Amino acid sequence: MISTQIIENCIEELRMITKVNLAIFALDGAEVASTFDSSDIPDYIIKGFVDSPADSQVIGRDHLFKITDEGELAYILIARGNNDESYLIGKIAVSQMQQLMTAYKERFDRNNFFQNLLMDNLLLVDVYNRAKKLHIEVAVPRVVLVIETGTEKDSTAAEFLRGMFSSQSGDFITAVDECNVILIKALDLKEGYSEIEHTAQTIVDMMSTEAMMNVRVGYGTIVQELKDVSKSYKEAMMALNVGKIFYVEKKVNSYGSLGIGRLIYQLPSNLCKIFIEEIFGNNDPGDFDEEIVTTVNKFFENNLNVSETSRQLFVHRNTLVYRVEKLQKITGLDVRTFDDALTFKIAMMVYSYMRYLDLEEN
């Protein structure tokens with residue numbers, strides 16, 4: 001249903017343009033919105049007009065009109081004035097209100113449709129039938145981007161994104177929970193993942209600078225048909241979750257670039273525990289010297305190149321070797337060799353995943 005605030009804004013704008021005062025009443029005679037003091041209009045006048053077969057009526061200086069929604073009486077509108085101009089403005093206001101109700105109902109229906117589509121709550125035949133009714137194109141390339149705001153029950157992010165992306169170009173903003181906003185982005189045939197990455201990064205930057213919101217974005221793969229949008233949504237959610245665990249420094253993560261993190265995320269927790277115990281034994285990776293962990297991570301970034309790593313860390317080569325050997329004494333893994341480096345890297349990622357699961361449970 002259209003909000004009272006929207007109705008108030010609508011009739012106030014019309015009053016400012018036409019200089020004719022307007023009021024909207026519910027069918028029981030209660031005032032919904034008014035640009036003047038309508039206390040002199042008794043509710044029995046409204047109720048009597050509701051029960052009458054007439055579409056319009058004049059009582060004193062007031063012109064009464066019926067506002068319908070798909071043939072059903074919804075509101076009563078009054079235009080105050082003693083001339084034909086007031087009658088004409090009243091008719092225009094009725095038309096405007098009916099158009100607004102239709103637009104908002106379609107927006108609500110679209111929102112409901114996309115929410116059910118994302119959650120796989122629609123049969124295939126319903127997807128096509130409802131899409132046709134709502135004037136949504138079926139065979140258009142689309143991708144789903146999930147924007148995590150971290151703020152529950154805050155509509156700021158959704159409204160900000162609606163200002164960035166237009167439904168006229170086929171984009172749609174919705175939500176299925178309280179912390180994430182979902183952008184279903186329609187794409188041109190020439191647009192690919194580089195354009196999507198740019199869009200995601202633009203969202204992060206714009207919401208940081210203009211809305212003062214720290215957001216993360218995950219996006220799925222491009223789908224060619226409307227029925228596959230839920231697939232892209234599930235991928236986007238995985239990209240968001242995997243990114244928070246393994247790629248904390250990145251604000252934008254795509255499903256296609258998750259690498260081994262995506263594999264670990266889908267492993268059973270009991271299998272992860274066994275693997276951690278086999279690699280680290282009684283040692284807790286969380287207790288490792290932060291200096292050693294930083295050194296090893298930088299070592300991996302430089303493809304196990306000792307000279308380049310020591311240069312970037314501003315330490316002597318021997319100091320770097322000492323730290324690597326210290327880690328070897330603790331874990332039995334020599335990260336200077338490819339196999340041990342790979343094992344340690346995976347083990348630390350699995351450990352990060354286990355910590356994430358523990359936090360989720362608590």
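## Surroundings of Ser-310

In this predicted model, Ser-310 makes contacts with Val-315, His-316, Arg-317 and Leu-320, when residues up to four places away in sequence are not counted. Ser-310 belongs to helix α11, which covers residues 306–313. Of its listed partners, Arg-317 and Leu-320 fall within the range of helix α12, residues 317–331. The relative accessible area of Ser-310 is 7%, and the residue is therefore classed as buried, the limit being under 20%.

## The largest nonpolar core

The largest nonpolar core contains 35 residues. Within this core, the residues with the most contacts are Phe-246, Phe-280, Val-335, Phe-344 and Tyr-353. At least two core residues are supplied by each of the helices α7, α9 (269–280), α10 (290–301), α12 (317–331) and α13 (338–361). Helix α13 provides the largest share, 11 residues. In soluble globular proteins, nonpolar side chains tend to be buried together.

Tyr-353 illustrates how this core is connected. Leaving out residues up to four places away in sequence, Tyr-353 touches Ile-245, Phe-246, Ile-264, Tyr-265, Leu-267 and Cys-272. Among these partners is Phe-246, itself listed with the residues that have the most contacts inside the core.

## A second core and strand β9

A second core, separate from the one above, comprises 23 residues, including Phe-165, Ile-173, Val-204 and Val-217. Val-217 is part of strand β9, which spans residues 216–219. From this strand, Arg-216 and Gly-218 point one way, whereas Val-217 and Tyr-219 point the other way. All four of these residues are buried. In a regular strand the side chains alternate between the two faces of the sheet.

Strand β9 pairs with two other strands. With β6 (residues 142–148) the pairing is antiparallel and extends over four bridges, and Val-217 is the bridge partner of Ile-147. With β10 (residues 252–254) the pairing is parallel and consists of three bridges, and here Val-217 stands opposite Val-252. Strand β9, helix α7 (residues 229–246) and strand β10 together form a β-α-β unit that is left-handed. Helix α7 is also one of the helices that supply residues to the largest core.

## The position of Met-206

Met-206 is located in helix α6, residues 193–209. Its relative accessible area is 27%, so Met-206 is partly exposed, a class that lies between the 20% and 50% limits. Apart from neighbours within four places in sequence, Met-206 is in contact with Phe-160, Met-164 and Ala-211. The pair Met-206 and Phe-160 is separated by 46 residues in sequence, and the C-alpha to C-alpha distance between them is 9.4 Å.

## The five-stranded sheet

An open sheet is built from five strands in the order β2-β1-β5-β4-β3, with antiparallel pairing. Its edge strands are β2 (31–34) and β3 (56–59), each of which pairs on one side only. From one strand to the next, the twist averages 25 degrees. Strands of a sheet pair through backbone hydrogen bonds, either parallel or antiparallel.

Three bridges join the edge strand β2 to β1 (residues 21–25) in the antiparallel sense. In this pairing, Ala-23 is placed opposite Ser-34. Helix α1, residues 4–18, lies across β1, β2 and β5 (72–80). The direction of helix α1 is at about 35 degrees to that of β2.

How values were computed: Residues are numbered from 1 along each chain as its sequence is written. This is a predicted model: local features need pLDDT of at least 70, side-chain atom pairs count only at pLDDT 80 or more; totals for chains, interfaces and linings use all residues. Side-chain values use heavy atoms; hydrogens and water are left out. Buried means under 20% relative accessible area, exposed over 50%, partly exposed in between (1.4 Å probe, protein chains only). Two strands pair if DSSP finds at least two bridges between them. A crossover is right-handed if, with the strands pointing away from the viewer, the path from the first strand over the helix to the second runs clockwise. Axes are lines fitted to C-alpha atoms, for helices over the stretch in contact, and angles run from 0 to 180 degrees between N-to-C directions. Contact means heavy atoms within 4.5 Å. A nonpolar core is a set of buried Ala, Val, Leu, Ile, Met, Phe, Trp, Tyr and Cys residues joined through side-chain atoms within 4.5 Å.
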